[in-house]
Amino acid sequence: MLLHDTALIYGRYLRQSLRSRFALLFGVLMPLLYLLFFGPLLTGLPLGARGSSWQVLVPGLLLQLGLFGAAFAGFAIIIENGHGVVERMRVTPVSRLALLLGRVLREATVFVFQAVLLVLAAVGLGLRAPLPGVLIGFAFVALLTISLASLSYALAMKVRTPQEFGPTINALTMPSMLLSGLMLPMSLAPAWLDVLSHFMPFRYLVDAVRDAYVGSYATAHMLYGVLVAVGFAALAVTVGTRVFRTSGA
């Protein structure tokens, strides 16, 4: 029943996304602008990492896509609450876990699709990376999306208005991006900032994807990245499910 209910919710929300093709493509616009206007500035610079500047920048942009997109996914729940959609779903026998999983899997599908578009654009600009490394990057995007979308939905169930939700998300995502080395490796930062960045889970994910993009798979960065990504996803889904159950959604 859980698989059936999850597939039912997933299909419902995926169809909504497919009907809004403009929003589907618009979501990749910010990372694409970074790619077009910021990427060429890094060409030839000593970035303190293996590989080309594109192999440093693109993994960060992929995770930035998941970070900012999935973190704001909770806006949909706030809107649905306002229109009584969540209330109508609450009276059905659908599993509360499925109500969360169906939504976050839709988010993961959308952002992996956008990540594919971003990588294709990067290849046109000069990115060269092994196919297994690119696929590993997509897997990390999916796990990050599942984690952040679950927490975003949980937060959205606890607040009443978009005015409360938006500033809270902004206050969390901006420091996360800056301290995780998404744009540039933290090895370029002062020692105190590099140490501080190790308390950010996204740091381990981006280091792992950068290793994958240069063809290094059996590394400490990869091990830590996988452990953090899987552990963070499990914790986030657990928290999100508990909130959905206790909130009656």
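These exercises, each with a worked solution, deal with helix packing, a nonpolar core and single residues in a predicted model.

Local features here need pLDDT of at least 70, side-chain atom pairs count only at pLDDT 80 or more, and totals for chains, interfaces and linings use all residues. Residues are numbered from 1 along each chain as its sequence is written, and side-chain values use heavy atoms, with hydrogens and water left out.

**Exercise 1. Describe how α5 packs on α12.**

Step 1. Find the helices. α5 covers residues 53-71 and α12 covers residues 201-213. Helices are DSSP runs (H or I, at least four residues), numbered from the N terminus.

Step 2. Take the geometry. The axes of α5 and α12 are 9 Å apart, and the angle is about 140 degrees. Axes are lines fitted to C-alpha atoms, for helices over the stretch in contact, and angles run from 0 to 180 degrees between N-to-C directions.

Step 3. Name the arrangement. The angle therefore makes α5 oblique to α12. (Under 35 degrees counts as roughly parallel, over 145 as roughly antiparallel, 65 to 115 as roughly perpendicular and the rest as oblique.)

Step 4. Give the hand. The crossing of α5 and α12 is right-handed. (Left-handed: the near helix is turned anticlockwise from the far one by less than a right angle; right-handed: clockwise.)

Step 5. List the contacts (heavy atoms within 4.5 Å). From α5 come Q55, V56, V58, P59, G60, L62, L63 and L67. They meet F202, L205, V206, V209, R210 and Y213 of α12.

Step 6. Sort by class. The contact of α5 with α12 has 11 nonpolar, 2 polar and 1 charged residues. (Ala, Val, Leu, Ile, Met, Phe, Trp, Tyr, Cys and Pro count as nonpolar, Asp, Glu, Lys and Arg as charged, and the others, Gly among them, as polar.)

**Exercise 2. Work out how α9 packs on α12.**

Step 1. The angle between α9 and α12 is about 165 degrees, with the axes 8 Å apart.

Step 2. α9 is therefore roughly antiparallel to α12.

Step 3. The crossing of α9 and α12 is left-handed.

Step 4. On the α9 side, G133, V134, I136, G137, F140, L144 and L148 take part. Their partners in α12 are F202, L205, A208, V209, A212 and Y213.

Step 5. The contact of α9 with α12 holds 11 nonpolar and 2 polar residues, and no charged ones.

**Exercise 3. Describe the pair α8 and α9.**

Step 1. The axes of α8 and α9 come within 8 Å and cross at roughly 140 degrees.

Step 2. That angle makes α8 oblique to α9. The crossing of α8 and α9 is right-handed.

Step 3. Look at the residues. Among those of α8 in the contact are L100, F111, V112 and V119. α9 contributes V134, F138, V141 and Y153, among others.

Step 4. By class, the contact of α8 with α9 has 16 nonpolar, 2 polar and 3 charged residues.

**Exercise 4. Map the largest nonpolar core.**

Step 1. Fix the term. A nonpolar core is a set of buried Ala, Val, Leu, Ile, Met, Phe, Trp, Tyr and Cys residues joined through side-chain atoms within 4.5 Å.

Step 2. Count. The largest nonpolar core has 66 residues. V58, L62, L63, V119, F140, Y153 and Y213 touch the most other members.

Step 3. Trace the helices. Those that each supply at least two residues of this core include α1 (2-19), α8 (96-125), α9 (131-158) and α13 (220-246). α9 gives the most, with 13 residues.

Step 4. Zoom in on L63. Leaving out residues up to four places away in sequence, L63 touches F140, V141, L144, L182, L205, V206 and V209.

**Exercise 5. Sort S176, F199, L29 and N81 as buried, partly exposed or exposed.**

Use relative accessible area: buried is under 20%, exposed over 50%, partly exposed in between (1.4 Å probe, protein chains only).

- S176: this residue is in helix α10. Its relative accessibility is 9%, so S176 counts as buried. Beyond its neighbours within four places in sequence, S176 contacts L67, M200 and F202.
- F199: this residue lies in the loop between α11 (191-197) and α12. F199 is exposed, because its relative accessible area is 68%. The C-alpha atoms of F199 and S176 are 9.9 Å apart, across 23 residues of chain.
- L29: this residue sits in helix α3 (residues 29-37). At 34%, L29 is partly exposed.
- N81: this residue belongs to helix α6. At 37%, N81 is partly exposed.
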